[in-house]
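This report describes one protein structure for a reader who has not met it before. Please keep the sequence and the model in view while reading.

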Amino acid sequence: MFVNGEVRQASDTGQMIFNIWQQIAYLSTAFTLESGDLLATGTPEGVGVGMQPPRFLQPGDVVRCESSASA
């Protein structure tokens, strides 16, 4: 993820506390998950308020997110 052209986050779900399969297993106990449902995985440490000092989005900031699929 980039803010005003600066890399603010370069991470993947492999670095999360719970992997996507664990999240699906947990969520499916409370919800009926269907094709097309979008799941948010949360934010890795060191981003936003986790930055030292904390950095927040400001009016006019341009955010660009890139995603890639892996096998």
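## Confidence of the model

The model is predicted. Its protein chain averages a pLDDT of 82, and 83% of the residues score at least 70. Among the elements of the chain, strand 3 has the highest mean pLDDT, at 92, while helix 1 has the lowest, at 88.

## Overall architecture

The protein chain contains 1 helix and 3 strands. Read along the sequence, these elements follow the pattern β-β-α-β. Strand 2 covers residues 6–7 and helix 1 covers 20–27, and strand 3 consists of residues 63–64.

The chain has 71 residues, of which 11% count as buried. Its accessible surface comes to about 6,100 Å², and carbon and sulfur atoms account for 56% of that surface. Among contacts between residues at least 6 apart in sequence, 60% join residues at least 24 apart.

## The salt-bridge network around Glu6

Side chains of opposite charge can pair when their charged atoms come close. The structure holds 3 salt bridges. Glu6, Arg8 and Arg55 are linked in a network of such bridges.

Within this network, Glu6 meets Arg8 in a salt bridge with an N to O distance of 3.7 Å. Glu6 also forms a salt bridge with Arg55, where the closest N and O atoms are 2.8 Å apart. Because Glu6 belongs to strand 2 and Arg55 lies in the loop between helix 1 and strand 3, this pair ties together parts that are 49 residues apart in sequence.

Are the members of the network buried or exposed, or do they fall in between? Arg8 has a relative accessibility of 14% and therefore counts as buried, the limit being under 20%. Glu6, with a relative accessible area of 33%, is partly exposed. Arg55 is likewise counted as partly exposed, at 32% relative accessibility.

## Strand 3 and its surroundings

Val63 lies in strand 3. Which residues does Val63 contact, leaving aside its neighbours within four places in sequence? They are Met1, Phe2, Val3 and Leu57. One of these, Met1, is 62 residues from Val63 in sequence, yet the two are 7.2 Å apart in space, C-alpha to C-alpha. The relative accessible area of Val63 is 41%, so this residue is partly exposed.

Strand 3 spans residues 63–64, and Arg64 takes part in two arrangements described here. The charged end of Arg64 sits over the ring of Phe2, 4.0 Å from the ring centre. Arg64 also forms a salt bridge with Glu66, with the closest N and O atoms 3.0 Å apart. Arg64 is partly exposed, having a relative accessible area of 42%. Glu66 has a relative accessibility of 56% and so counts as exposed, the limit being over 50%.

## Aromatic rings

How many aromatic pairs does the structure hold? The number is 0. The ring of Phe2 nevertheless has a charged partner, as the charged end of Arg64 sits over it.

## Summary

The predicted model shows a chain with the pattern β-β-α-β. Glu6, Arg8 and Arg55 are joined in a salt-bridge network, and Arg64 is paired with Glu66 in a further salt bridge. Val63 contacts residues including Met1 and Phe2, and the ring of Phe2 lies beneath the charged end of Arg64.

Definitions and conventions:
Residues numbered from 1 in each chain as written. Predicted model: local features only at pLDDT ≥ 70, side-chain atom pairs only at ≥ 80, totals over all residues. Heavy atoms only, no water. Helix = DSSP H or I, 4+ residues; strand = E, 2+ residues; numbered from the N terminus. Buried < 20%, exposed > 50% of the residue type's maximum accessible area, 1.4 Å probe, protein only. Contact = heavy atoms within 4.5 Å. Salt bridge = Lys/Arg side-chain N within 4 Å of Asp/Glu carboxyl O. Areas by Shrake-Rupley, 256 points an atom, 1.4 Å probe, with all protein chains shown as cover. Phe/Tyr/Trp six-rings, centres within 6.5 Å; stacked < 30°, edge-to-face > 60°. Lys NZ or Arg CZ within 6 Å of the ring centre and 35° of its normal. pLDDT = per-residue confidence, 0-100.
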